[in-house]
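Thanks for asking me to look this one over. My notes follow as numbered points, so you can check each against the coordinates as you read.

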Amino acid sequence: MGKIYTALGLMSGTSMDGIDASVLTSDGHSEYSLIADKYYKYEDKFRDKLARIRSKILTNEDLVSFGTEIAAIERELTLLHATAANDLIKKNNLKIDFIGFHGHTLFHDSKKKISKQIGDGNLLSQLCKKNVIFNFRKADIENGGEGAPLTPIFHNAIVNKNLNKEFNKFDSINILNIGGIANITRTAKWEKFYRSPDILQASDIGPGNCMIDSWIRNNSNSIFDNKGKIASYGKTDSLILNQALENLNILPPYNKSLDINDFDISFVRGLNLENGASTLSDLTAEIISNAIIHYSNSQNSLNVVCGGGRKNIYLMDMINKKLSNHDNLKFFPIENFGINGDYIESQAFAYLAIRSFLNLPLSFPKTTRCKLPCTGGILASNY
């Protein structure tokens, strides 16, 4: 075990509802311990502003066209992150070595190898008087990678720390993250990983909450389908569902990263609120269950779910239903193993900040399709 560092991770996810903040200690390898987690909700006015600019950025050119507006909201977002970080540090009387600052993804295009996260790492460093590591995706993209997902190496740490005994019961343990986009990681024991890093496999697999959330926001006063209740009152339109699955054509080997703008929901526009929610939930569940089956590779597999989508009871029930004919697959929320699934990504970026400082790889050929394992992140010490 090497030197132990303390890092604070900050994550603003695709739901645009607030900031997840986590503090952990780690050696950047297998050792880590959680210190604190806290959620900082965005005010409605800022969330709406963030959603508006996010909806305007549809191409790389839009990043230039709306440059002034982007700069203004980037500053505001950074100030909110600084307030959150300073609050968590003060209330827990913490000594922080690094802040891992993901920022907020404004635009991601895997084909053009562009990923834009807003968040001023130098300003955050100045406001918090801490070393800040940010812009985590750039190095991976420059190394031929997709820029996502970056959390698999932390997923591996979670499983080895908390579910290590399950390796004796299952041939593989997968962590499924259902955020705006869904991604999955096939984990491995550390000793096997160190011998062969390619044993760690991961990819984006399709929409998570993004299509359902977009439908609810566009057609109701809610910002998401709480526990899937709206969808549960509806009926799936099988014709529309099957046509959408054919058009989306999301199939193995899942070698492209995805963005919420990759998924248009206009094909359900003729449905009422409940039926549209049901159809989109069914579509999402079908795509996710197919990926679980693929990653399980006909073996006995434990699939552990984190991310906001695990709270959508209707979606989870639909996935379980679609997996019911596969006795070799077990599917549980991460809380079944005593882990809070709300803060996995903010914890991950605390962990990645430490690995970045130590010049350890964050991404691997079988996680982001980069050419070689590579580190990432930019260090700001502006104080």
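**Notes on the fold**

1. Helix H13 (residues 344-357) lies across S1, strand S2 (18-26), S3, S4 and S7, and runs at about 130° to S1. Helices (H or I, at least four residues) and strands (E, at least two) are DSSP runs, numbered from the N terminus. Contact here means heavy atoms within 4.5 Å. Axes are lines fitted to C-alpha atoms, for helices over the stretch in contact, and angles run from 0 to 180 degrees between N-to-C directions.

2. A word on the basis: this is a predicted model, in which local features need pLDDT of at least 70 and side-chain atom pairs count only at pLDDT 80 or more, while totals for chains, interfaces and linings use all residues. Residues are numbered from 1 along each chain as its sequence is written, and side-chain values use heavy atoms, with hydrogens and water left out.

3. The sheet under H13 is an open one of 6 strands with mixed pairing, in the order S3-S2-S1-S4-S7-S13. Strand S3 (32-41) and strand S13 (378-380) are its edges, each with a single partner strand, so one side of each has no neighbour in the sheet. Neighbouring strands are turned by 20° against each other on average, direction ignored. Two strands count as paired if DSSP finds at least two bridges between them.

4. Within that sheet, strand S1 (residues 5-12) and strand S4 (residues 98-101) run parallel and are joined by 4 bridges. If you want a pair to display, Gly9 has Gly100 in S4 as its bridge partner. Helix H4 also lies across this sheet, touching S1, S4, strand S7 (132-134) and S13, and runs at about 160° to S7.

5. How do H3 and H4 cross? The axes of helix H3 (residues 67-91) and helix H4 (residues 121-128) come within 9 Å and cross at roughly 35°. The crossing is right-handed (the near helix is turned clockwise from the far one by less than a right angle; anticlockwise would be left-handed). On the H3 side the contact uses Arg75, Thr78, Leu79, His81, Ala82, Ala85 and Asn86, which meet Leu123, Leu124, Leu127 and Cys128 in H4. By class, this contact has 7 nonpolar, 3 polar and 1 charged residues. For the classes, Ala, Val, Leu, Ile, Met, Phe, Trp, Tyr, Cys and Pro count as nonpolar, Asp, Glu, Lys and Arg as charged, and the others, Gly among them, as polar.

6. Another open sheet has 5 strands in the order S10-S9-S8-S11-S12, again with mixed pairing. Its edge strands are strand S10 (201-207) and strand S12 (329-333), each pairing on one side only. The twist averages 20° from one strand to the next. Strand S8 (residues 172-178) pairs with strand S11 (residues 301-306) in the parallel sense over 6 bridges, and Leu176 stands opposite Val305 in S11. Helix H11 (residues 273-296) lies across S8, strand S9 (181-186), S10, S11 and S12, at about 165° to S10.

7. Some backbone geometry may deserve a look. The Ala148 to Pro149 peptide bond is cis, with omega near -10°, and Pro149 sits in the loop between helix H5 (138-142) and helix H6 (152-162). The Pro252 to Pro253 bond is also cis, with omega near 15°; Pro253 is in the loop between helix H10 (238-248) and H11. Lys227, a residue other than glycine, has a positive phi near 60° and lies in the loop between helix H8 (210-219) and helix H9 (229-232).

8. How many cavities of 30 Å³ or more are there? The count is 2, where a cavity is a set of points on a 1 Å grid over the protein atoms alone at which a 1.4 Å probe fits but cannot get out, and lining residues have an atom within 4 Å of a point. Grid points are joined across faces, edges and corners, and a volume is the space filled by probe spheres set on the points.

9. The largest cavity holds about 30 Å³. Its lining includes Ala148 and Pro149, along with Tyr254 and Arg369, and divides into 3 nonpolar, 5 polar and 4 charged residues. The second largest cavity also has about 30 Å³ and is lined by Phe101, His102, Gln117, Asn135, Phe136 and Arg137.

Terms used
1 Å grid on protein atoms, 1.4 Å probe; cavity = no way out; pocket = protein on both sides within 12 Å on 5 of 7 lines; lining within 4 Å.
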